Amino acid sequence: MEASRKTPSFSDALRRLLVLMLTLIPAAGSMPVPTDVPMCTASETAHYSLTFTGKWTQAAFPKQYPVYRPPAQWSNLIGVTHSSDYHMWQSNEFASNGVREFAEKGEAWTIMKEVETAGERIQSVYGILSAPAVVGGSGQMDAEFEAFARHSYLSFLVRLVPSPDWFVGVDGVDLCDGNRWKDKVTLELFPYDAGTDSGFTFSSPNFETIPQDRITQITSSFPSHPANSFFYPRLKHLPPIAKVTLTKIKKTNQIISLPLEPTQSNLLPTGNEIEDKLINTPLDCEVSPWSPWGLCKGKCGDSGVQHRTRYVIMHPANNGAACPLLDEERKCFPDNCL
């Protein structure tokens, strides 16, 4: 039956592309490299571990925090090692179709084909890596990869789930410093808008942006709209929503990480490094505008009372400003009194 056909899984698609990508390696050293950026002259291959740590907690991001259907979580990580003349994505530039599909739906096939095409055309991409999704806003995913002097840069994307087209990632972090590889690189990550969907909240329905906007970083004041899930006017800067740690390791048999089952951890991992302090972002109460004044109730010839009301749009959290009064009254004199 037609309905019984299976769509290739993310893992199957990635495995196919890995085979194609690895066939490009022998020719990668023959292409010219840009001369306006520092050259990596390290002679040996470097092996790195990547640890992505989600810090998307309800305490740090209380406004409209997704708790069900679906709860806050992270997609698979997809990344590439490449030379300086390639960009998987760039802030203030337009997202490719592959980045659009990944940021909106978590679908990686198109972006992997774009990586393959770039490798064939300009031979600037060495290989791809991935890490399993995290079921929860906090938790971690891990991968291992290798880098060469010709391909010493790393770029990756991870989608926020749920979201219209929001993601975190790195655009071309250089792991090489002259003739040596960096031992450790730690970067704090902040949300980006892919510019392809106009939703303001985590659970917004699909609302295509026409014409397409450029990729922009989401801040506590941009987009400047009270409905925005990341709009915190009391904050100068959003707290980091994730971080990535890249650590140089000894050679292992595992070079490129394939997707595994999503991890179930909802807690920040513990280890030898000093854990970040728990962030509690204050969220002020938000109320609706006042309703019109109601009818004046009272006896003819005497003053009466009329009321107006408003309701709570957003309850306060983490010692944010409390809600004001929701009911107000004033004296009045009945109209049309006989």
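A residue is taken as buried when its relative accessible area is under 20%, and it is in this sense that the strands of the present model, which is a predicted one, are described below. Strand β1, which spans residues 46–55, is mostly covered, with 10 of its 10 residues buried. The side chains of A46, Y48, L50, F52 and G54 point one way from β1, whereas those of H47, S49, T51, T53 and K55 point the other way, and the residues of both sets are buried.

The pairing of β1 involves strands β4 and β12. With β4, formed by residues 138–147, β1 pairs in the antiparallel sense over 10 bridges, and within this pairing T53 stands opposite Q140. With β12, formed by residues 242–249, the pairing of β1 is likewise antiparallel and runs over eight bridges; here the bridge partner of G54 is A242. The neighbouring positions T53 and G54 thus serve as examples of the two pairings, T53 being matched with a residue of β4 and G54 with a residue of β12.

Strand β1 also contributes to the aromatic contacts of the model. A search of the whole structure finds 14 aromatic pairs. Among them is the pair of F52 and W74, whose ring centres are 5.2 Å apart and whose planes stand at 75°, so that the arrangement is edge-to-face. Because F52 belongs to strand β1 and W74 to strand β2 (residues 73–82), this contact ties together parts of the chain that are 22 residues apart in sequence. Both rings belong to buried residues, F52 as well as W74. A stacked arrangement is found for F167 and Y192, with 5.9 Å from centre to centre and 20° between the planes. Since F167 lies in strand β6 (residues 166–174) and Y192 in strand β10 (residues 192–193), the contact ties together parts that are 25 residues apart in sequence. As with the preceding pair, the two partners, F167 and Y192, are buried. Beyond individual pairs, ring contacts link F52, W56, F61, Y65, W74, W166, F202 and F230 into a cluster, so that the edge-to-face pair of F52 and W74 has both of its members in this cluster.

The structure further holds three disulfides. One of them joins C40 to C176, with a distance of 2.1 Å from S to S, and the torsion about its S-S bond is about 80°, so the disulfide is right-handed. This pair links distant parts of the chain, since C40 is placed in the loop between α1 (10–22) and β1 whereas C176 lies in strand β7 (residues 176–177), the two cysteines being 136 residues apart. C40, at 11% relative accessibility, counts as buried, and C176, at 6%, is also counted as buried.

A further disulfide joins C285 to C323, with an S to S distance of 2.0 Å; the torsion about this bond is about 95°, and the disulfide is therefore right-handed. Its cysteines come from distant parts of the chain, 38 residues apart, with C285 in the loop between β12 and β13 (286–287) and C323 in the loop between β15 (312–314) and β16 (327–332). The two ends fall into separate accessibility classes, in that C285 counts as buried at 15% relative accessibility, while C323, at 29%, counts as partly exposed.

The remaining disulfide is formed by C296 and C332, whose sulfur atoms are 1.9 Å apart, and a torsion of about 100° about the S-S bond makes it right-handed. The pair again connects distant parts of the chain, C296 being situated in the loop between β13 and β14 (304–309) and C332 in strand β16, 36 residues apart. In this case C296 counts as partly exposed at 22% relative accessibility, whereas C332 is buried, with a relative accessible area of 9%.

Among the helical elements, α2 comprises residues 97–105, and its buried residues are G98, V99, R100, F102, A103 and E104. Just after this helix, G106 takes a positive phi of about 75°.

Terms used: Residues are numbered from 1 along each chain as its sequence is written. This is a predicted model: local features need pLDDT of at least 70, side-chain atom pairs count only at pLDDT 80 or more; totals for chains, interfaces and linings use all residues. Side-chain values use heavy atoms; hydrogens and water are left out. Buried means under 20% relative accessible area, exposed over 50%, partly exposed in between (1.4 Å probe, protein chains only). Helices (H or I, at least four residues) and strands (E, at least two) are DSSP runs, numbered from the N terminus. Two strands pair if DSSP finds at least two bridges between them. A disulfide is a pair of cysteine sulfur atoms within 2.5 Å. Rings of Phe, Tyr and Trp (its six-membered ring) pair if their centres lie within 6.5 Å; planes under 30 degrees apart count as stacked, over 60 as edge-to-face and the rest as tilted.
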